[in-house]
Amino acid sequence: MTVIFYFIAFIVALVILAYIFGYSYLFSGISKTYLKGKLSANIDDGKFFRSNIIHTTSPKLWEEHPDFNKKELSKEISDDLLHSNTASFLVVKEGKLLHEQYFNGYNQLSKTNSFSMAKAVTVMLLGKAIEEGKIKSVDEKFSDLYPEFKTKPFGKDLTLKNLAQMESGLDWDENYKNPFLPNARAYYGKNLLKAAFSRRFKEQPGERFEYQSGSTQLLGFALKKALNQSLASYLSEKFWIPLGMEQNADWSVDESGMEKTYCCIHSNSRDFAKLGQLFLDNGKVGDKQILNLDFVEQMRTPTKKSAEIYGMGFWINNDNPVKHYYFLGLQGQYIIMIPEHKMIIVRTGSYNNLPKTDRGRPDQVKFLVNETVKLFS
């Protein structure tokens with residue numbers, strides 16, 4: 001009985017200390033992972049979070065390519081997809097669905113977590129807001145929207161372009177495995193404003209590339225202030241509806257209703273592919289330009305500070321014989337655009353410990369690009 005009493009007292013003390021020192025979000029994380037039989041965030045965890053709906057109104061199905069699903073995947077591709085615990089693999093060529101395959105019980109209606117693919121979507125919203133005059137330019141200072149940043153060391157010089165290009169100088173450790181670091185606090189916590197605004201700057205913005213979820217979350221707050229509406233509703237109005245998405249999507253939010261702009265758009269793979277098609281079509285849907293071409297070019301132009309591997313929201317590989325750029329999310333969520341072959345590849349799944357040795361980019365992306373182009377060209 002005494003042992004039980006001391007054990008309970010120990011647990012209570014831990015809970016109290018967690019709340020005192022700001023780690024109460026750990027209990028949310030435990031309930032959404034370990035108590036659900038998972039070891040970490042996963043592509044199916046959308047149902048455990050509050051979300052804003054990204055509405056569609058006039059769904060338009062993909063036109064199927066004349067060779068749709070007529071050619072089997074090569075053994076090399078199939079083995080790679082199976083080894084990496086893939087949920088979906090889609091190939092679009094010349095604007096038509098060429099190959100569509102699902103694994104492990106997933107199907108064309110399955111909504112899975114975009115993870116950091118949402119970063120590029122957030123940058124798309126920035127482009128649209130600039131086009132509509134709701135934000136002056138990419139060079140607008142964050143402190144013009146949030147004056148409290150004028151008094152932060154280095155904060156007064158931070159621009160929206162710094163945030164989009166991952167050159168913010170923010171003190172943010174992009175570590176997904178350590179539950180005590182900022183990513184876990186943002187993902188499982190209740191207050192994104194506190195999680196992002198409490199971080200200091202460690203260096204002058206614009207000096208160095210460092211990929212950080214916190215930068216995109218700050219960009220999301222800038223957009224929210226400028227737009228004065230939910231980002232999910234703006235995404236719906238400006239992109240989801242014009243693109244004819246097949247399903248409503250869900251964007252995870254904190255307790256205040258603020259979207260996790262670095263992450264967490266839950267959608268199906270066919271609709272993810274439509275985001276890729278928008279960029280292959282240079283920001284157009286049919287004859288309508290829905291994203292300014294100049295801004296599209298900024299997104300997919302690699303920066304010098306990133307050593308030519310990142311633009312604004314996009315990862316870029318121009319040193320591969322088959323040039324490509326892509327949306328990238330944790331555990332291997334990809335929307336890959338291959339302009340030379342008018343091709344899009346979408347891969348979703350749960351590739352834990354995804355290898356990234358290709359200058360910080362996943363090896364799997366280059367592999368899938370080269371093998372898929374070889375198979376379907």
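**Buried sides, charge pairs and a nonpolar core**

Reader: Which word fits D358, buried or exposed?
Author: The relative accessibility of D358 is 9%. A residue is called buried under 20% relative accessible area, exposed over 50% and partly exposed in between (1.4 Å probe, protein chains only). At 9%, D358 therefore counts as buried.

Reader: Thanks! What kind of model are we looking at?
Author: Residues are numbered from 1 along each chain as its sequence is written, and side-chain values use heavy atoms, leaving out hydrogens and water. Local features need pLDDT of at least 70, side-chain atom pairs count only at pLDDT 80 or more, and totals for chains, interfaces and linings use all residues; the model is predicted.

Reader: Back to D358: with which residue does it form a salt bridge?
Author: A salt bridge here is a side-chain nitrogen of Lys or Arg within 4 Å of a carboxyl oxygen of Asp or Glu. For the D358 pair, the closest N and O atoms are 3.8 Å apart. The partner counts as partly exposed, at 28% relative accessibility. D358 forms this salt bridge with K366.

Reader: Which residues are linked with D358 and K366 in a network of salt bridges?
Author: D358 and K366 pair directly, with the closest N and O atoms 3.8 Å apart. The network linked by salt bridges also takes in D319, R359 and R361.

Reader: How many residues apart in sequence are the parts tied together by K96 and E63?
Author: The closest N and O atoms of K96 and E63 are 3.6 Å apart, and the two form a salt bridge. K96 lies in strand β3 (residues 96-102) and E63 in the loop between β1 (51-54) and α3, so the pair ties together parts separated in sequence by 33 residues.

Reader: What are the relative accessibilities of K96 and E63?
Author: K96 is partly exposed, at 27%. E63 also counts as partly exposed, and its value is 49%.

Reader: Which residue forms a salt bridge with D171?
Author: D171 and its partner have their closest N and O atoms 3.4 Å apart. D171 is in the loop between α6 (160-164) and α7 (182-188), while the partner is in the loop between α8 (192-197) and α9 (213-227), 29 residues apart. That partner counts as exposed, at 51% relative accessibility. Its name is R200.

Reader: How many salt bridges are there by this rule?
Author: We have met three of them, including K96 with E63. By this rule the count comes to 22.

Reader: Let's turn to helix α3. Which of its residues are buried?
Author: Helices (H or I, at least four residues) and strands (E, at least two) are DSSP runs, numbered from the N terminus. Helix α3 covers residues 75-83, and its buried residues are I77, D80 and L81.

Reader: Which elements do those buried residues of α3 pack against?
Author: The face of α3 turned away from its buried side carries the exposed residues K75, L82 and H83. The buried residues of α3 instead pack against β2 (86-93), β12 (343-349) and α13 (363-376).

Reader: Which helix gives the largest share of the largest nonpolar core?
Author: A nonpolar core is a set of buried Ala, Val, Leu, Ile, Met, Phe, Trp, Tyr and Cys residues joined through side-chain atoms within 4.5 Å. The largest one has 81 residues, and those with the most contacts inside it are M124, F142, L275, F279, M299 and F327. The largest share of this core, 9 residues, comes from helix α4.

Note on methods
Contact = heavy atoms within 4.5 Å.
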